[in-house]
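Subject: Handing over a structure

Dear colleague,

I am passing this structure on to you, together with some notes on what was found in it. Please look through the sequence and the model first, and then read on.

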Amino acid sequence: MRFTINDRPVEAACDLRTSLLDLLRDHLGLTGTKKGCNQGACGACTVLVDGERINSCLALAVQYQGRSITTIEGIGDLGALAPLQQAFIDHDGFQCGYCTPGQICSAVAMVAELRRGLPSHVTPDLGAASPAWTREELQERMSGNLCRCGAHNGILDAIEAAFPEDAR
C-alpha cells in the first residue's frame, strides 16, 4: 500500500484488515497518534486525511491508499512548534497529554471547516456565509475529542489564541 504521510511518500505491507491507526503506530512507528477507546468515541486517534479529520481507529488503512494523511508528527517541527501547539502549552490545553495529538489535529481541521463556512449543529444561521466563531460553536465542533483530565477550557483558550484572526 502507498500513502503520503506527513508530506512524505510511504509504502507499507500489512494485512487488509489493519486499521489506519495500527498502520501508523505499529507498522510505521508514528506513535503520536493515540489509541484511546478503539471505538471512535474519544477522538484520541484523530488524524487528517486530505485535510479532513477522521478517527483512525475506525478506518481501514487500505481505504486511504494514495491519500494525504497528516498526523501530529506532521504539524510543526521538533525545533519549532506550530502556533497551535505552542498555544496548548501557553494556555494549559493539556494535562496528561494523551488526548493532545488528537485535539490538535481536530482543531486544525475544525478551523478549516469554519473558514469554509460549514455549519455545525449549533450554528444559528445556516444561510450565513461563515458561522460565528463563538465559544459554543467551538465546543460543539470539538465535542468529538474528549479530555478525561478536564482541560477543555484550556483547549478552547488555546484554539482562540492560535487563530486570533478568526476569533470574533
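Helices, of at least four residues, and strands, of at least two, are taken here as DSSP runs and are numbered from the N terminus. Read in that way, the elements of the protein chain follow the order β-β-α-β-β-β-α-α-α-α from the N terminus on, which gives five helices and five strands. Please keep in mind throughout that this is a predicted model.

Overall form

The chain has 168 residues, for which a compact globule would have a radius of gyration near 15 Å, and the value of 16 Å found for the protein chain agrees with that. Along the principal axes, its C-alpha atoms fill a box of roughly 45 × 35 × 30 Å. Of the 168 residues, 44% are buried, while the accessible surface comes to about 8600 Å², with 50% of it belonging to carbon and sulfur atoms. If one takes the contacts between residues at least 6 apart in sequence, 56% of them join residues at least 24 apart.

Helix α3 and the surface before it

Helix α3 is mostly covered, since 13 of its 17 residues are buried. At 1.5 Å a residue, those 17 residues should span 24 Å, and the end C-alpha atoms of α3 are indeed 24 Å apart, so the two values agree. Just after α3 comes G117, which takes a positive phi of about 85°.

In the loop between α2 (83-90) and α3 (100-116) one finds F94, a residue that counts as partly exposed because its relative accessible area is 33%, and partly exposed covers the range between 20% and 50%. Together with L81 and I89, F94 makes a nonpolar surface patch of about 240 Å². Helix α2 itself contains Q86, which is likewise partly exposed, with a relative accessible area of 33%; the C-alpha atoms of Q86 and G76, which are ten residues apart along the chain, are separated by 9.6 Å.

Salt bridges

Side chains of opposite charge can pair when their charged atoms come close. In this model, counting a side-chain nitrogen of Lys or Arg within 4 Å of a carboxyl oxygen of Asp or Glu, the total comes to eleven salt bridges.

One of them joins D22 to K35, with the closest N and O atoms 2.9 Å apart. Because D22 lies in helix α1 (residues 20-27) and K35 in the loop between α1 and β3 (46-49), this pair ties together parts that are 13 residues apart in sequence. K35 is partly exposed, at 32% relative accessibility.

Another salt bridge is formed by the side chains of R67 and D50, at 2.6 Å from N to O. R67 is in the loop between β4 (52-55) and β5 (68-70), whereas D50 is in the loop between β3 and β4, so the parts that are tied together here are 17 residues apart in sequence. R67 is partly exposed at 32% relative accessibility, and D50 is partly exposed with a relative accessible area of 45%.

A further pair is D157 and R135, whose closest N and O atoms are 2.9 Å apart. As D157 belongs to helix α5 (residues 152-162) and R135 to helix α4 (residues 135-141), the pair ties together parts that are 22 residues apart in sequence. Finally, R53, E113, E137 and R141 are joined into one network by salt bridges that share partners.

With best wishes

Key
Residues are numbered from 1 along each chain as its sequence is written. This is a predicted model: local features need pLDDT of at least 70, side-chain atom pairs count only at pLDDT 80 or more; totals for chains, interfaces and linings use all residues. Side-chain values use heavy atoms; hydrogens and water are left out. Patches are made of residues with over 30% relative accessible area and no salt bridge: like charges are joined within 9 Å, nonpolar side chains (Val, Leu, Ile, Met, Phe, Trp, Tyr) within 5 Å. Accessible areas come from the Shrake-Rupley method with a 1.4 Å probe; for residues, only the protein chains shown count as cover. Buried means under 20% relative accessible area, exposed over 50%, partly exposed in between (1.4 Å probe, protein chains only). The expected span of a helix is 1.5 Å times one less than its number of residues. The radius of gyration is taken over C-alpha atoms; the globule rule is 2.2 Å times the number of residues to the power 0.38. Contact means heavy atoms within 4.5 Å.
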